[in-house]
Amino acid sequence: MSDASTPLRRFWVEFRENRIAVVALIVVVLMILLALFASIVSPQNPYDLANLSLMDSRRPPGFVGSGGYTHILGTDPQGRDLLSAIFYGLRISIQIGLAAGFVSLTIGTTLGILAAYVGGRVEALIMRMVDLQLSFPAILLALVIVALLGQGKAQLIGALVAAQYAYFARTAYGAAKAERGKDYIEAALATPLSARLVVWRHMLPNCTPPLIVVATVQIANSISLEATLSFLGLGLPVTEPSLGMLISNGFPYMMSGRYWISVYPGVALIILIVAINIVGDQVRDQFNPRLRK
Amino acid sequence: MSGPVLSVTNLTTHFFTRAGVVKAVDGVSFDLAKGEIMGLVGESGSGKTVTGFSLLGLVDAPGRIVEGSVKLNGTELTTLSNTDLRDRRGREISMIFQDPIATLNPMLTIGQQMKLALDAHERLSTRAALARSAELLEQVGIPSAAARLRAYPHEFSGGMRQRVAIAIALLHRPAVIVADEPTTALDVSIQAQILYQMRDLAAETGTAMIWISHDLAVVSSLASKLAVMYAGRIVEQGPTATLLRDPRHPYTAGLIASLPAMAKPGTPLTQIPGTTPSLLSLPPGCPFAPRCTEATDRCSTDPQMTLDDDRGWRCFHPVGLPEGATA
Amino acid sequence: MLGFIIQRFMQAVVVMAVMSVIVFFGVYAIGNPIDIVIPPDATQDIREEAIRRLGLDRPLYEQYFIFITNLMQGDLGRSFVYNMPVLELIGGRLPATLELVLISVISATVLGVSLGIYAGYRPDSWISKTIMAVSVLGFSVPSFWVGLILILAFAVNLGWLPAGGRGETVEIWGVPWSFPTLDGLSHIVLPAVNLALFKLAMMIRLARAGTREIMLTDTIKFARAAGLSEATILRRHLLKLISIPIITVFGLELGSTLAFAVVTETIFSWPGVGKLIIDSIAVLDRPVMVAYLILVAFLFVTINFVIDLVFALIDPRVRHGASA
């Protein structure tokens with residue numbers, strides 16, 4: 001019955017069947033590449049002040065600027081080429097999203113597995129805290145932390161992590177708790193193997209599928225949350241404009257018809273987030289045993 | 001009324017899944033007389049539950065009845081419209097399920113659920129509905145019925161809940177009740193109670209019953225005739241006592257031999273070697289052949305049902321008969 | 001049931017106490033407490049005088065005690081920027097936020113649950129697939145972006161609706177509300193739609209998942225076997241069974257919606273509490289920030305408490321403290 005394929009390959013075969021998800025995955029990969037190689041792909045380095053000329057500011061798409069090239073998407077109030085700004089902005093958004101996601105994953109998973117493994121008072125304490133946090137909206141929490149700690153990359157990531165680690169903790173806890181009760185763990189613990197080894201080699205791998213699902217969703221959420229904060233002026237400092245800040249810059253100009261300054265970075269943001277969510281949806285459906293007919 | 005109350009001929013239900021066609025029920029035929037209790041026995045995956053659902057037209061997608069006929073009181077059910085079929089469900093044929101905690105809605109009172117079942121087929125005043133419901137609860141052995149109508153399912157014990165389900169099934173005095181493993185989820189001590197209750201009820205009301213179970217011992221104390229299913233087909237059927245004493249199909253013999261009651265003390269329990277086949281990839285010929293001690297090359301063709309008076313078996317090498325006496 | 005209510009109430013009180021401690025000590029530990037009461041540009045003399053006057057040179061637990069007693073009396077400090085008691089400030093802007101949030105939440109729930117049940121009942125129809133695809137968008141697209149597009153489309157390009165601000169108000173029970181007036185309605189439509197979108201998407205997905213799961217249960221099979229019509233099954237069984245997860249999420253999302261109102265109010269210049277907090281953070285009007293946090297914590301706790309009560313009302317198992 002087994003066709004000698006690894007779980008990964010079987011996963012991929014089923015994933016492949018949903019064409020929308022595959023397209024979404026390609027889009028995500030594409031955007032990551034664009035972000036990585038932003039400096040190479042962009043026609044202009046938007047942060048090199050020497051490149052900018054205020055004469056070029058707020059020009060519509062298709063305008064040929066003083067640099068001699070066409071601004072495919074127009075320029076922003078500082079004269080920056082919007083396309084380049086979007087690529088650099090993508091880089092920042094993805095950076096923040098991944099960083100926040102990774103740190104939340106680590107902290108949350110550690111807490112969750114710890115709670116499930118140790119049990120007793122520690123478990124109750126940790127999970128009470130997690131539950132309280134889960135019912136508190138992420139955006140408020142992030143707002144408060146940024147307000148108290150000031151602006152900056154580290155603070156922002158800290159705020160995002162504080163808002164999101166709870167999801168990972170709860171998921172890891174649930175999965176680990178289910179595993180903890182299983183007999184093979186009891187058996188492993190009865191051997192001279194160190195407890196740490198048991199957790200690492202046995203409990204952790206079984207918690208991985210749901211954690212992957214949460215991770216994809218949370219990375220998209222981080223990106224969205226960061227954009228929202230930046231839009232409100234509470235995100236990254238002006239020197240590192242993420243997509244949210246670009247959108248915010250363009251907001252006052254929307255009324256006078258200069259829509260491109262906000263709209264195009266927004267479109268890029270949407271495509272990124274929606275694509276990640278679609279991939280995440282598909283991953284979740286595939287891991288969910290209850291939906292399998 | 002002459003003739004069987006339920007007549008099933010060549011019932012075939014297939015599931016059209018992504019992985020292939022699952023032949024859950026593959027040519028099942030039997031008759032049920034008024035007031036008769038028949039046991040439908042088999043391991044999980046044998047198709048017995050799907051057979052039950054097929055009788056009521058409750059097969060979930062991606063499954064459907066592809067062939068065969070189900071005649072209830074002379075009416076063909078498989079060709080009925082949804083409305084007509086629904087009209088008969090609950091009124092002429094009803095079903096009870098394995099786990100009563102799952103079949104009763106925890107957020108409605110017993111009375112409310114019984115009223116819903118009543119209203120589905122009759123127009124009754126609230127008072128009349130309550131009276132009828134209480135009457136039926138008493139009949140299934142629930143004391144202080146009138147007060148209990150206001151209670152919620154979680155206030156009853158498992159055995160009581162199943163009695164409520166039985167009461168609901170009996171509300172319109174159906175001709176047939178299909179019971180899918182009704183005692184499996186209950187304590188052993190309660191099982192016997194429910195068993196006898198149902199037997200008495202069947203006798204009192206003249207309701208015929210199909211008792212689906214994997215437990216041969218439970219069914220044989222109740223049913224007057226048995227049908228043994230394997231891989232979607234009935235491999236043997238006949239009067240209970242005859243079958244138990246003198247089985248023909250090797251599978252039936254294996255089932256009987258593996259009953260704990262049949263084991264000699266101190267010896268290991270007999271088992272049928274192997275496992276039930278996947279219904280997706282059945283081997284050609286007799287599906288039991290891979291596990292059968294009597295199998296020969298002949299068994300790679302499909303055996304038909306051999307009929308002998310009031311019993312039948314699907315086998316080229318039936319046990320209990322001198323060799324050579326097969327069709 | 002009474003025991004249940006009391007238990008939940010006590011829990012609520014405990015959570016409020018904990019929250020107040022966290023807020024107080026959080027601000028004290030992270031910020032300079034002086035900054036809470038004094039504008040950052042005060043001179044040294046004024047600072048010292050204030051420190052003495054306000055007892056900030058006293059031990060911490062004493063300060064906390066003062067803080068709580070003030071809180072109980074409704075004194076939440078004075079705003080730097082507006083130079084009025086914070087309570088009054090917030091109170092004046094609360095109705096605007098409340099009406100926005102309530103209208104959004106109610107319409108999102110009613111519409112979302114209906115669409116979701118349909119999508120779950122007939123999952124293969126093209127209508128259902130469209131609903132689900134659109135819900136993904138409502139879910140993942142950041143709400144500030146939707147707000148922008150709404151303004152662009154309906155206010156700038158089509159000119160049908162105003163781009164911001166609150167409309168005319170009418171006083172009911174001494175409080176100004178804007179939805180009873182036509183002008184008020186035209187102003188509330190876009191921000192309400194913006195705010196409702198996320199919740200709508202959530203409700204659709206939740207109702208759909210719940211419906212699919214419930215329709216496969218034995219309860220439904222049994223009801224069908226008894227001959228109940230599909231309409232009756234949907235009305236009497238599905239709706240009741242689905243109400244539990246819906247109400248849970250409704251409660252959780254209510255708080256979340258209150259939070260997102262912050263963004264919507266900023267984009268649409270809606271004069272509510274959300275916009276107040278953003279402005280306050282920008283100018284570091286700390287009394288307002290602290291008060292806002294306390295208020296939000298209080299709202300949260302109250303909402304959770306009310307939801308628990310509602311559960312007790314609709315689920316008989318909770319009422320009887322069932323462990324059966």
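How many residues does helix α10 of chain A have, and what distance does the helix reach from its first C-alpha to its last? In this predicted model, α10(A) spans residues 243-254. The helix has 12 residues and reaches 16 Å between its first and last C-alpha, close to the 16 Å expected at 1.5 Å a residue. Because 9 of the 12 residues of α10(A) are buried, the helix is largely enclosed by the rest of the structure. The buried positions are A:L243, A:G244, A:M245, A:L246, A:I247, A:S248, A:N249, A:G250 and A:M254. The cover over these residues includes α4 (82-118), α9 (195-231) and α11 (260-287) of chain A, together with α7 of chain C.

Confidence was examined for chains A and B. Chain A has a mean pLDDT of 78, with 87% of its residues at 70 or more. Within chain A, confidence is highest in α4(A), with a mean of 86, and α4(A) is among the elements that cover the buried residues of α10(A). The lowest confidence in chain A falls in strand β1 (residues 63-64), with a mean of 66. Where pLDDT is low, the predicted coordinates should not be read in detail. For chain B, the mean pLDDT is 86, and 98% of the residues reach 70 or more. Among the elements of chain B, the lowest mean pLDDT, 81, belongs to strand β11 (residues 306-308), and the highest, 93, to β7(B).

Strand β7(B), residues 176-180, pairs in parallel with strand β6(B), residues 93-96, through 4 bridges. In this pairing, B:I93 stands opposite B:V176 of β7(B). The side chains of β6(B) alternate: B:I93 and B:M95 point one way, B:S94 and B:I96 point the other way, and all are buried. Strand β7(B) is also joined to β8(B) by 5 bridges, again with the two strands running parallel. Here B:V178 lies opposite B:I210 in β8(B). The connection involves a helix, in that β7(B), α8(B) (residues 188-205) and β8(B) make a right-handed β-α-β unit.

Strand β8(B), residues 208-213, is mostly covered, with 6 of its 6 residues buried. Of these, B:A208, B:I210 and B:I212 point one way, while B:M209, B:W211 and B:S213 point the other way. In addition to β7(B), strand β8(B) has β3(B) (residues 37-41) as a parallel partner, joined by 5 bridges. In that pairing, B:G39 stands opposite B:W211 of β8(B). Both residues named opposite partners in β8(B), B:I210 and B:W211, are buried, and they point in opposite ways from the strand.

Helix α1 of chain B, residues 48-56, is likewise mostly covered, with 9 of its 9 residues buried. The buried residues are B:K48, B:T49, B:V50, B:T51, B:G52, B:F53, B:S54, B:L55 and B:L56. Just after α1(B), B:G57 takes a positive phi of about 70°.

Chain C contains 13 helices and 2 strands. Of its 324 residues, 38% are buried. Among the contacts in chain C with a separation of 6 or more, 69% are made by residues 24 or more positions apart.

Chain C touches both other chains described here. Towards chain A, 30 residues of chain C are in contact with 29 residues of chain A. On this side of chain C, at least two residues each come from α6 (126-140), α7 (143-157), α10, α11 (273-283) and α12 (286-314). The most is given by α10(C), with 8 residues. By class, this side of chain C divides into 25 nonpolar and 5 polar residues, with no charged residues.

Towards chain B, 21 residues of chain C are in contact with 26 residues of chain B. Helices α9 (218-225), α10 (230-267) and α13 (316-319) of chain C each supply at least two residues of the side that touches chain B. The most comes from α9(C), with 6 residues. This side of chain C has 8 nonpolar, 6 polar and 7 charged residues. Helix α10(C) thus appears among the contributors to the side that touches chain B and among those to the side that touches chain A.

Notes. Residues numbered from 1 in each chain as written. Chains lettered and ligands numbered in written order. Predicted model: local features only at pLDDT ≥ 70, side-chain atom pairs only at ≥ 80, totals over all residues. Buried ≥ 20, exposed ≤ 12 C-beta atoms within 10 Å, placed from the backbone. Contact = placed C-beta atoms within 7 Å. Pairing = 2+ DSSP bridges. Nonpolar A, V, L, I, M, F, W, Y, C, P; charged D, E, K, R; others polar. Expected span 1.5 Å × (residues − 1). pLDDT = per-residue confidence, 0-100. Right-handed = clockwise from strand over helix to strand, strands pointing away.
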